[in-house]
Amino acid sequence: VSPSKEVQIDRLKTLKILSNSNSNKILLTTINSIIQKIIPKNVIKENIFSISKNQKINFNDIIKFLQFLGFQRTSLVREKSEFSVRGSILDIFPTNRDFPVRLDLFDDEIEKIYEFDHITQKRIREINEKLDFNLSSELLLNDHSLGLFRIKFREIFSNYRNCQIYNLFSEKTIPTGGEQFLPLFYSELETLFDYLENYSIFLIDNFNNLLENRIENINDFYNA
């Protein structure tokens with residue numbers, strides 16, 4: 001089962017804050033989050049793009065990069081991490097904004113940018129500030145990551161040719177529960193502590209018992 005899109009977006013938003021912040025913060029987390037492997041810090045920092053009014057863009061490149069970041073193309077933008085194309089108009093719902101944005105293009109130039117209501121689809125206001133677009137998925141499907149996935153998957157599963165999951169990923173489609181295969185898409189993963197510097201850790205009284213129980217559950221699930 002895949003985590004909800006809201007959970008994925010919130011996770012990535014937190015990781016982005018941790019990867020870029022130099023200020024002191026208090027982070028409350030769980031046993032699961034501590035031991036879970038996550039995407040490398042540099043992936044969060046490098047995969048971002050910005051646009052602004054009057055900027056010249058390659059329309060097709062923008063669409064490809066949105067899809068690479070995990071955005072889903074739809075007929076109508078309703079939820080975060082969705083986008084739609086209608087002629088020279090590009091609607092996008094960034095993960096870091098409360099309302100989607102509408103790009104009105106003239107040839108290859110962004111002529112106007114509007115914020116609009118995702119329910120009524122009506123414009124709210126014109127936007128003049130720069131817009132940032134961040135990851136909306138931890139699974140980044142490009143030639144490099146898919147190459148790693150295929151190599152690692154074949155090493156584990158000899159009958160990969162008849163595997164629906166393998167074939168779906170090869171077609172750049174994320175199957176339900178595909179996030180479980182995250183380690184196959186990266187040379188190595190990191191932990192939450194790789195995102196932190198000069199930190200102190202405060203543990204609850206029964207931390208060791210909780211950790212032992214969680215590790216036991218993982219081993220039982222693996223050996224089942």
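User: Why is glutamine 121 called buried in this predicted model?

Analyst: Its relative accessibility is 17%. Buried means under 20%. So glutamine 121 counts as buried.

User: Where does glutamine 121 sit, and what does its side chain reach?

Analyst: Glutamine 121 is in the loop between β6 (109-116) and β7 (123-126). Its side chain reaches the backbone oxygen of valine 77 at 3.1 Å.

User: What makes that pair a polar contact?

Analyst: The distance is 3.1 Å. The limit is 3.5 Å between N or O atoms, with one able to donate a hydrogen and the other to accept it. The side chain of glutamine 121 and the backbone oxygen of valine 77 fall within that limit. Beyond four places in sequence, glutamine 121 is also in contact with residues including Leu76, Arg78, Asp91 and Arg102.

User: How do you know whether aspartate 91 is buried or exposed?

Analyst: The relative accessible area of aspartate 91 is 1%. The buried class is under 20%. Therefore aspartate 91 is buried.

User: What makes aspartate 91 and arginine 86 a salt bridge?

Analyst: Their closest N and O atoms are 3.0 Å apart. The cut-off is within 4 Å, from a side-chain nitrogen of Lys or Arg to a carboxyl oxygen of Asp or Glu. So the pair qualifies. Arginine 86 has a relative accessible area of 39%, so this partner is partly exposed.

User: Why do glutamate 126 and lysine 112 count as a salt bridge?

Analyst: The N to O distance is 3.6 Å. That is within 4 Å, so the definition is met. The pair links distant parts of the chain. Glutamate 126 is in strand β7 and lysine 112 in strand β6, 14 residues apart.

User: Why are glutamate 126 and lysine 112 called partly exposed?

Analyst: Glutamate 126 has 31% relative accessibility. Lysine 112 has 29%. Partly exposed lies between the buried class, under 20%, and the exposed class, over 50%. So glutamate 126 is partly exposed, and so is lysine 112.

User: What about glutamate 129 and arginine 125: what makes them a salt bridge?

Analyst: Their closest N and O atoms are 3.6 Å apart. The limit is within 4 Å, so they pass. Both residues also belong to a network of salt bridges with Arg97 and Glu115. A search of the whole structure finds eleven salt bridges.

User: How do you know that glutamate 190 has no salt bridge?

Analyst: The nearest side chain of opposite charge is lysine 41, 7.3 Å away. A salt bridge needs a distance within 4 Å. So glutamate 190 has none, though it is buried.

User: Which polar atom does the side chain of glutamate 190 have at 3.0 Å?

Analyst: The backbone nitrogen of lysine 41 lies 3.0 Å from a polar atom of that side chain. Glutamate 190 lies in the loop between α6 (164-170) and α7 (207-223). Among the residues it touches, beyond four places in sequence, are Gln36, Ile38, Pro40 and Tyr195.

User: Why is asparagine 198 called exposed?

Analyst: Its relative accessible area is 82%. Exposed means over 50%, so the label holds. Asparagine 198 is also in the loop between α6 and α7. Its phi is near 50°, a positive value in a residue other than glycine.

User: Serine 81 has a positive phi too. Is serine 81 buried or exposed?

Analyst: Buried, because its relative accessible area is 2% and the class is under 20%. Phi of serine 81 is near 70°. Serine 81 is in the loop between β2 (72-73) and β3 (82-86).

User: Why is serine 52 called partly exposed?

Analyst: Its relative accessible area is 24%. Buried stops under 20% and exposed starts over 50%, so serine 52 is partly exposed. Its C-alpha atom is 9.5 Å from that of leucine 103, 51 residues apart along the chain. Serine 52 touches Ile110, Ile113 and Lys130, leaving out residues up to four places away.

User: Which residues have the most contacts inside the largest nonpolar core?

Analyst: Ile39, Ile92, Leu103, Phe133 and Phe185, in a core of 45 residues. Helix α4 (residues 59-68) gives the largest share, four residues.

Technical notes: Residues numbered from 1 in each chain as written. Predicted model: local features only at pLDDT ≥ 70, side-chain atom pairs only at ≥ 80, totals over all residues. Heavy atoms only, no water. Helix = DSSP H or I, 4+ residues; strand = E, 2+ residues; numbered from the N terminus. Buried < 20%, exposed > 50% of the residue type's maximum accessible area, 1.4 Å probe, protein only. Lys, Arg positive; Asp, Glu negative; His and termini not counted. Contact = heavy atoms within 4.5 Å. Core = buried A, V, L, I, M, F, W, Y, C linked by side-chain atoms within 4.5 Å.
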